Every structure is written in structure tokens, then in C-alpha cells.
Amino acid sequence: MMIAYKGFEPGLICRGYHFVMGLNITDKANCRANGFHCAEDPLDCLTYYSDMEHSEYYLVNAGGDVDEDEHDSKISCTELTILRKLSRTEFFLHALAYMVDHPKRKWNSKVNEETGEASCGYAVVRGIDPKASGQMGDVLALAKEDPRTGKIIQVGLTQVDGIKVLPGKWYDIDFSEREVILT
């Protein structure tokens with residue numbers, strides 16, 4: 001068994017199949033063709049379920065026969081245990097933790113380098129001096145790298161609330177407002 005992440009349409013529905021909380025079992029697992037799919041990197045779920053407003057994200061356990069994908073961290077398995085639903089902020093905390101644990105792995109396409117403006121409800125930015133901006137309700141997830149090693153040395157997560165974090169303003173890892181000049 002391995003901890004992984006899975007995106008769904010509301011109500012635990014994926015490609016027309018209705019999952020249940022707890023153990024779900026199928027007979028074959030081939031990443032390209034069948035099985036229950038999930039991902040080791042939470043952000044890979046956003047490739048398949050990118051709209052945070054119309055998707056749900058769960059912490060799962062992948063087991064049984066397991067097949068991995070060479071494209072991203074997608075996994076197909078014959079036993080998928082759905083453990084619990086993640087809030088939007090919990091989902092991005094797990095994503096930041098994944099980056100900390102695996103700093104040298106290929107970056108997910110949803111991660112911006114140095115600056116990022118929220119889209120679909122979130123901005124994930126990684127770099128030496130990461131900065132992000134968003135609109136009301138958007139999640140800003142930042143990962144600061146050591147310039148020498150590339151390892152993540154600090155993470156930050158906030159939500160644009162209109163009080164402490166304002167819409168349309170740029171924020172750094174300490175969530176201090178910063179001017180950003182995009183070239």
C-alpha cells in the first residue's frame with residue numbers, strides 16, 4: 001500500500017464510475033488502459049481535475065496490483081482505499097510537502113518558476129524568491145529554494161481573503177506585499 005492522491009467529480013465520481021469511501025476493488029491495473037488511477041504527486045491530480053470549484057480531492061491508499069506511468073506520477077491499482085477528503089488548503093499543503101520530500105523530481109506543469117498568477121483557484125510557485133498573486137478565494141502556495149542545492153528551504157500557504165492578503169497584489173514567501181515587474 002502507498003499513500004497517493006485522487007481527484008474526482010463531486011460525489012466520488014471518476015469517468016462515470018462511482019467510488020465509495022473505504023476499499024474499492026477492480027481486477028486489472030494498467031496505467032494506460034484500466035484500473036483505479038491516482039497520483040503520488042498531488043499536483044498531478046490537477047492535470048485531470050484542474051477546476052478546483054468543480055472537483056474534489058482525496059487522500060487514498062493504492063494497493064493490490066500497481067502499475068506506474070512514465071508520463072507523470074500517475075498510478076493504476078486494483079485496490080484503492082479512499083481515506084478522506086482534503087480541503088483546498090490541505091491539498092496544497094500536501095503538494096508543498098511532496099516538493100520538500102522530492103526536490104529533484106521533475107516539476108509538475110502546474111508549478112510556476114519565480115512568479116505566478118492564480119488560475120483555476122490557485123497559484124503554485126517555486127524558486128529562489130517566489131511570488132504569487134490571485135483573486136478572492138485563490139490559494140497561493142510558495143516553495144522557496146536554496147540557490148545552491150535546489151532543495152526547498154521554506155514553504156508558505158495562504159488564501160486571498162481581502163483583509164490580510166489582497167486581490168491583485170503580489171506576495172512573497174512571508175506573504176509580505178511585493179512589487180513584481182514581469183518581463
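In what follows, Ala, Val, Leu, Ile, Met, Phe, Trp, Tyr, Cys and Pro count as nonpolar, Asp, Glu, Lys and Arg as charged, and the others, Gly among them, as polar. The structure is a predicted model.

**Exercise 1.** Describe the largest pocket by its volume, its lining and the elements that contribute to that lining.

*Solution.* Begin with the space itself, which for the largest pocket comes to about 490 Å³. Next, turn to the walls: 23 residues line the largest pocket, and K6, C14, R15, G35 and H37 are those nearest its centre. Two or more lining residues come from each of β1 (2-8), β5 (36-39) and α1 (45-48), and β5 gives the largest share, with four residues. Finally, sort the lining by residue class, which yields 13 nonpolar, five polar and five charged residues.

**Exercise 2.** Work out which classes of residue line the second largest pocket, and which residues lie nearest its centre.

*Solution.* The second largest pocket holds about 370 Å³ of space. Its lining is made of 19 residues, with D44, H71, D72, S73 and K106 nearest the centre. Sorted into classes, the lining of the second largest pocket has four nonpolar, five polar and ten charged residues.

**Exercise 3.** Establish how strands β10 and β11 pair, and find the residue with a positive phi in their hairpin.

*Solution.* Strand β10, residues 139-145, and strand β11, residues 152-159, run antiparallel to each other and are joined over seven bridges. Within this pairing, A143 stands opposite V155 of β11. Between the strands of the hairpin there are six residues, and the positive phi, near 80°, belongs to G150.

Notes
Residues are numbered from 1 along each chain as its sequence is written. This is a predicted model: local features need pLDDT of at least 70, side-chain atom pairs count only at pLDDT 80 or more; totals for chains, interfaces and linings use all residues. Side-chain values use heavy atoms; hydrogens and water are left out. On a 1 Å grid over the protein atoms alone, a cavity is a set of points where a 1.4 Å probe fits but cannot get out, and a pocket is an open set with protein on both sides within 12 Å along at least five of seven lines; lining residues have an atom within 4 Å of a point. Grid points are joined across faces, edges and corners, and a volume is the space filled by probe spheres set on the points. Two strands pair if DSSP finds at least two bridges between them.
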